[in-house]
Amino acid sequence: MNPQLSRRRFIKAVIASSVAAASNSGFHSALAQDRSRGAVERLISINVNGQTRRVDVAPQETLAHTLRYKLSLTGTKIGCNRGECGACTVLIDGITNYSCSTLTHSVRTRAVKTVEGLQASDGTLHPVQQAFIDELSPQCGFCTPGQVMSAVALLSENPTPTREEARQAMSGNLCRCGAYDHYLNGVMRASGQNS
Amino acid sequence: MASFDVMPDVQLYQPVELDDALRLAEQYGDGGWVLGGGQDTYGWLKDRAKNPQAMIDLTGVEGLRGIRETEDGIEIGATTTLREIIRNERINSDYSLLAQAAGRVASPQIRNVGTLGGNLSQDARCWYYRRGLACYRAGGNLCYADGPEAMNREHAVLGASRCVAVSPSDTATAMVALEATMIVASTTGQRSVAAEDFFAGPDTHITQMTTLEPGEILTAVRIPSKWAGKRFYFEKVADRDVWDFALVSIAVAMSMDGDSIAESRFVCGGVACKPHRLRNVESAVRGKSLSDENADAVAPLASAGTKPLNYNHFKLPLMENLVRRAMRG
């Protein structure tokens with residue numbers, strides 16, 4: 001363990017929690033002791049799609065909620081809100097996560113990427129997005145943002161997956177229309193392999 | 001403070017030191033909720049089926065994460081994610097049983113954040129209990145899953161006592177098979193407990209799945225070198241390959257002496273409230289070789305002593321066939 005890092009985190013936690021004592025209505029956070037123990041503040045910065053966004057976040061708030069209702073990034077969908085469908089999938093430090101089952105406070109030091117952050121500045125779609133269009137992957141489209149994020153994560157780690165590997169990587173995203181094979185065709189096309 | 005999310009108002013602590021986490025856990029006791037990846041947390045809270053005062057997020061405590069070498073095997077920190085376990089070289093080469101079990105947990109996204117400690121300590125999946133009904137497990141005096149019309153296809157065939165819920169953890173079976181030791185900390189110190197004794201049945205602990213007391217935190221799991229690189233077999237049977245919990249799973253560790261089994265551990269998940277050791281199978285296979293013939297001979301022992309409920313008789317042949325498959329040559 002890096003002692004400097006640890007000290008920095010400790011100090012950060014102290015600063016964070018002293019704000020919490022002033023702003024949080026929870027009765028126990030008024031305890032002076034709590035400050036050094038990591039009670040969270042409400043006004044935080046999170047890194048979303050390369051931008052630092054200041055946002056007022058309740059302690060229990062989920063990332064899906066923050067993205068959609070505080071930052072207006074409604075590309076991320078909430079399906080089941082229980083981590084059982086995958087519509088809310090976003091990348092956190094490049095790894096797929098269910099944003100409905102992630103506390104916003106836990107991503108303060110990490111980089112979040114949503115489906116809005118994929119296209120290039122000139123509007124060119126991400127290869128996965130383009131391939132999904134070319135292969136007519138979505139049917140109703142509700143699960144598509146999540147499917148896109150899972151495919152993006154897969155291809156950044158494994159640029160030429162087999163169809164079986166793609167199937168495994170996409171297995172945490174349900175599609176109620178049953179367009180799974182079409183999505184797999186899209187993933188294979190995006191990886192430059194014939195679907 | 002109004003909440004516009006379906007999450008209830010609950011305080012959140014993100015301590016960076018274990019001592020702070022332990023003090024918070026002690027201070028809140030039953031009202032504290034120790035948080036790993038949170039994948040068995042938010043459902044409870046969103047459904048208002050459990051209502052803790054405060055969540056204590058352990059993922060910021062650096063000392064709780066990572067896979068370390070010990071004098072006798074390895075130690076895995078409690079907040080190490082299943083993803084890290086599945087991809088760890090040492091675990092894949094020496095304890096592939098654990099890597100396989102962890103690889104069959106839930107879905108990729110859940111494995112990406114789900115922690116070992118959380119997977120081991122997760123609560124029962126009985127839907128009557130999850131619904132928030134006042135059953136035995138929730139402190140009431142009734143079991144909704146053990147009645148003539150109860151839907152108990154997923155429930156216990158062994159070791160039930162009032163409550164008939166089963167152990168849902170895939171990694172738990174592997175830990176019992178590997179003779180792991182759980183390290184449990186509290187403000188008063190640290191204790192270690194064998195995996196087999198860490199999990200608790202309803203006869204002694206009806207409202208909990210483990211012997212963790214309020215204020216205690218599972219900090220690490222130690223796996224001895226005893227079973228490193230031995231012959232393993234893991235299989236999980238579930239309705240879907242993703243998300244679903246085991247109907248029956250089996251984790252087997254065997255040390256071979258030439259062609260014959262010198263010592264073995266056969267552990268079934270999904271059949272009892274805690275990982276269930278098939279001791280009669282273990283003693284029957286000692287000295288036997290792996291063959292279809294021997295597999296057929298010992299398989300019927302797997303379901304000895306079971307008491308199925310209305311809808312889960314199918315678990316008996318499942319247990320037998322999983323043993324049979326583990327014993328095939």
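In the predicted model, B:I183 of strand β6 of chain B stands opposite B:S192 in β7(B). The two strands, β6(B) and β7(B) (residues 189-194), pair in the antiparallel sense, and six bridges hold this pairing. Two residues lie between β6(B) and β7(B), and the strands form a hairpin. β6(B) is also joined to strand β8 (residues 217-223) of chain B, in this case by five bridges, and the two run antiparallel. In that pairing, B:A185 has B:I217 of β8(B) as its bridge partner.

B:T181 belongs to β6(B), which spans residues 181-186. The residue is buried, because 21 other C-beta atoms lie within 10 Å, where 20 or more are required. Although twelve residues separate B:T181 from B:V193 in sequence, their C-alpha atoms are 5.6 Å apart in space. With residues up to four places away in sequence left out, B:T181 touches B:S192, B:V193, B:A194, B:A195 and B:R222.

A second group of strands in chain B forms an open sheet of three, in the order β1-β3-β2, with parallel pairing. The edges of this sheet are taken by β1 (11-13) and β2 (32-35) of chain B; each has a single partner strand, so one side of each is left without a neighbour in the sheet. From one strand to the next, the twist averages 25°. Between β2(B) and β3(B) (residues 54-57), which run parallel, there are four bridges. B:V34 has B:I56 in β3(B) as its bridge partner.

B:I56 also appears in the largest nonpolar core, which has 110 residues; together with B:L97, B:L178 and B:V323, B:I56 touches the most other members. A further core, of 40 residues, lies apart from it and includes A:I46, A:L67, A:C88 and A:A190. In soluble globular proteins, nonpolar side chains tend to be buried together. The surroundings of B:L178 can be listed in more detail: when neighbours within four places in sequence are set aside, B:L178 is in contact with B:Y95, B:L97, B:L98, B:I223, B:W227 and B:A253.

In chain A, helix α3 (residues 127-134) has A:V128, A:Q129, A:A131 and A:F132 as its buried residues. These residues cover an arc of only 165° around the axis, and therefore lie on the same side of α3(A). Among the elements that cover the buried residues of α3(A) are α4 (144-157) and α6 (180-190) of chain A. Just after α3(A), a positive phi of about 50° is found at A:L136.

The two chains meet at an interface in which 37 residues of chain B are in contact with 37 residues of chain A. On the side of chain B that touches chain A, the elements that give two or more residues are β1, α1 (18-28), α2 (42-46), β3 and α6 (108-113) of chain B. The most is given by α6(B), with five residues. Sorted by class, this side of chain B has 18 nonpolar, twelve polar and seven charged residues. Of the strands in the open sheet β1-β3-β2, β1 and β3 of chain B are thus among the elements that give two or more residues to the side that touches chain A.

Terms used:
Residues numbered from 1 in each chain as written. Chains lettered and ligands numbered in written order. Predicted model: local features only at pLDDT ≥ 70, side-chain atom pairs only at ≥ 80, totals over all residues. Core = buried A, V, L, I, M, F, W, Y, C linked by C-beta atoms within 7 Å. Buried ≥ 20, exposed ≤ 12 C-beta atoms within 10 Å, placed from the backbone. Contact = placed C-beta atoms within 7 Å. Pairing = 2+ DSSP bridges. Axes fitted to C-alpha atoms, helices over the stretch in contact; angles between N-to-C directions. Nonpolar A, V, L, I, M, F, W, Y, C, P; charged D, E, K, R; others polar. Arc of directions from axis to C-beta.
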